[in-house]
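Hello,

Here is the structure I promised to pass on to you. Please have a look at it first, and then read my notes below.

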Amino acid sequence: MKTCLLWFRNNLRLSDNLPVYHAYQHYDQVIPVYLYPTQYAEHPSGNFPWGEHKQTFVTQSVASLSLLIEVHGSSLLVDENEGTIVERLCALVAMYEVDAIVGPTEPACNEQMEELALDQWAAERNIETNWFEERTLFEQHQLPFELADLPQSFTPFRKKLEKYSQPAAALPEPSLTPSPVLSAPWTPIAHASLDERSAHPYQGGIRAAWDRLDHYLWDTEHITTYKETRNGMLGADFSSKFSAFLAIGCISTREIYAEIKRFEHQITSNESTYWLYFELLWREYFQWIARKHGRDLFLQGGLQPTKPKKNFRNKHFEMWKNGTTGDPLVDANMIELAATGFMSNRGRQNVASYLVHDLHLDWRYGAAWFEAMLVDHDPASNYGNWLYIAGVGNDPRPFRKFNTSFQAERYDPKGEYVNTWLD
Ligand SMILES: Cc1cc2nc3c(=O)[nH]c(=O)nc-3n(C[C@H](O)[C@H](O)[C@H](O)COP(=O)(O)OP(=O)(O)OC[C@H]3O[C@@H](n4cnc5c(N)ncnc54)[C@H](O)[C@@H]3O)c2cc1C
């Protein structure tokens, strides 16, 4: 009788989830487990506690998975003990005397280090570890180049993928066997209040992810105007709002891709429907950048050989964080982030540029603040985008400064967005 611990990380769903599929195919007994993360952004630039919206979204997503596993006749063990993830997982392996750990592999360096530490610990005890890809549209073996030869900029990456590869079909939900460790369904305690101005009024969880997809594609067909509306800042429907569900894995990118293709086949296909896929390819690019560049993604000099001359003035950082810089577009966006856990892509570009190029602060403080506050935080997308704006990514253009007055005139000509948040 072989038993494995099935470790859920940022893959909180059952369908299209290779580690889940593998665990139930290869082991007689499976113990599904989730280790609630330590709630601060652990980074040398600052350890900021998670915002209440992020806490709530994660908690709801775990509760949703727990319920689904229960419906399938098993139960999710949620570990909320003290200690590092590795210590806590090793303690569970020892307590339940399992033969293997099965889980998703993650691209960013801290998570990679967890996998390495577990590999080493387990090998000394003759326990297997198995890591599976589930986070990206393409698995590494499908990339039409070696990871070491990942293109230096997005366009050749996209073109090569579009020419030579196709995402594989999404995997169905497997049948589960009962877990030998019984625990009651996990019920959330965190509840952030919903700001009625929020552009992201969504709960976390698998059902919520599919409801949002159904709304954006099938019920309203908003996807057909995505290319024209995606630079918006106000309201729920200017963009898909898939990011938080993807970040914590309530839905997979391959599932979204399959639905876009189905929509194109059954309803219509235009530049906008393609553009949503195009943006998912940006996400894909940052996932592979993170995997290739490891800890460099988190260094001040990023992927460049020299680090920019930036410093840290706490007073300026506090003004940025609290939305009191005096720049209306920046302040409105920072207030929205604190009040809702979300900010549009247009807003993120502007506030990031302002921190780096106007306040001349080290970009990593901004990224760490985003990490703690964003409901959709994903290390690859967050740090990758910050590097890009700070001019230390692998793209050669060094200076990406946004003129916030010009941006406000162009994207918020009547001041509706700014007035919504600054009154
Ligand atoms: C400084 C900065 C930090 C960011 N941090 C994050 C982060 O932590 N997590 C995150 O998911 N996105 C991040 N983004 C990218 C982007 O702003 C968000 O993905 C997007 O605003 C989420 O809203 P949406 O799902 O409605 O996006 P849509 O416009 O509907 O796009 C669809 C999907 O494409 C992907 N996508 C779109 N733009 C990007 C991009 N520039 N980079 C990577 N993926 C993209 C996302 O998965 C998104 O859900 C960041 C951008 C900047 C400039």
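Which helices each supply at least two residues of the shell around the ligand? They are helix H8 (243–247), helix H10 (271–293), helix H13 (345–358) and helix H15 (379–390). Please keep in mind that this is a predicted model.

Let me stay with the ligand for a moment. H10 gives the most to its shell, with six residues. There are 29 residues around the ligand, and those that come nearest are Ser239, Ser240, Ser243, Asn382 and Asn385. Sorted by class, the shell holds twelve nonpolar, ten polar and seven charged residues.

Now for the domains. The chain is divided into domain 1 (3–134), domain 2 (206–288) and domain 3 (299–421). Domain 2 and domain 3 each provide at least three residues of the shell around the ligand.

Domain 3 also touches domain 1, and their C-alpha centres lie 31 Å apart. To this contact domain 1 brings 14 residues, while domain 3 brings 15 residues. On the side of domain 1 that touches domain 3, two or more residues come from each of strand E3 (40–41), strand E4 (48–49) and helix H2 (52–71). H2 gives the most to that side, with three residues. By class, the residues on this side of domain 1 are eight nonpolar, five polar and one charged.

I hope you enjoy exploring it!

Best wishes

Note on methods
Residues numbered from 1 in each chain as written. Predicted model: local features only at pLDDT ≥ 70, side-chain atom pairs only at ≥ 80, totals over all residues. Domains from an automatic or database assignment. Contact = placed C-beta atoms within 7 Å. Helix = DSSP H or I, 4+ residues; strand = E, 2+ residues; numbered from the N terminus. Nonpolar A, V, L, I, M, F, W, Y, C, P; charged D, E, K, R; others polar. Near = placed C-beta within 6 Å.
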